[in-house]
Amino acid sequence: MENLLRQATHPYVHLAAPHVTGRVLFALVGVLVVALLIAAFAWGRRIRSREPGPPHPESQPRLPVGEPVGDSMERREPDELPRTGHRRKPHELKGNGIESRRRD
């Protein structure tokens, strides 16, 4: 009678009860995830071993002798904008001095 009363008041108690199949399924999923991680690590190591190593210091570019290494300072005159009644959009403006530095 008490068991029947418990099932009537708590109909989902049997769903929360531990089952062997749930434990086995959980353990199987855990083993599968660990196996996939190990396989991904091994695959990545194999791909990494086929890549070329880092370059030697002799093959690195060198700074030219006598050239300035730091920032260069220059003073440019600003472009005058005509006074009009509308707001200018970025595509209507010039390249902010980029055109003057281009070499054609």
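The following dialogue shows how to read several features of a predicted model.

Visitor: Which helices and strands does the protein chain have?

Guide: One begins by listing the elements in order. The protein chain has four helices and zero strands, and along the sequence they give the pattern α-α-α-α.

Visitor: Which elements have the lowest and the highest mean pLDDT?

Guide: Where pLDDT is low, the predicted coordinates should not be read in detail. Among the elements of the protein chain, helix 4 has the lowest mean pLDDT, at 54, and helix 3 the highest, at 93. For the protein chain the mean is 77, and 68% of the residues reach 70 or more.

Visitor: How many residues does helix 3 have, and what is its reach?

Guide: One compares the span of a helix with the span expected for its number of residues. Helix 3 covers residues 20–50, which is 31 residues. From its first C-alpha to its last it reaches 46 Å, close to the expected 45 Å.

Visitor: How many residues of helix 3 are buried?

Guide: A residue counts as buried when its relative accessible area is under 20%. In helix 3 the count of buried residues is zero, and the helix is hardly covered. In the protein chain, buried residues make up 2% of the 104 residues.

Visitor: Is Leu28 buried or exposed?

Guide: The cut-off for an exposed residue is over 50%. Leu28 lies in helix 3 and is counted as exposed because its relative accessibility is 56%. Together with Leu25, Val29, Val33 and Leu37, Leu28 makes a nonpolar surface patch of about 480 Å².

Visitor: How much area does the protein chain expose?

Guide: The exposed area is about 11,400 Å², of which carbon and sulfur atoms supply 61%.

Visitor: Where is Glu92 found, and what is it in contact with?

Guide: Glu92 is in the loop between helix 3 and helix 4. With a relative accessible area of 36%, Glu92 is partly exposed. Apart from neighbours within four places in sequence, Glu92 is in contact with His86 and Arg87.

How values were computed. Residues numbered from 1 in each chain as written. Predicted model: local features only at pLDDT ≥ 70, side-chain atom pairs only at ≥ 80, totals over all residues. Heavy atoms only, no water. Helix = DSSP H or I, 4+ residues; strand = E, 2+ residues; numbered from the N terminus. Expected span 1.5 Å × (residues − 1). Buried < 20%, exposed > 50% of the residue type's maximum accessible area, 1.4 Å probe, protein only. Areas by Shrake-Rupley, 256 points an atom, 1.4 Å probe, with all protein chains shown as cover. Patch = residues over 30% accessible without salt bridge, like charges linked within 9 Å, V, L, I, M, F, W, Y side chains within 5 Å. Salt bridge = Lys/Arg side-chain N within 4 Å of Asp/Glu carboxyl O. Contact = heavy atoms within 4.5 Å. pLDDT = per-residue confidence, 0-100.
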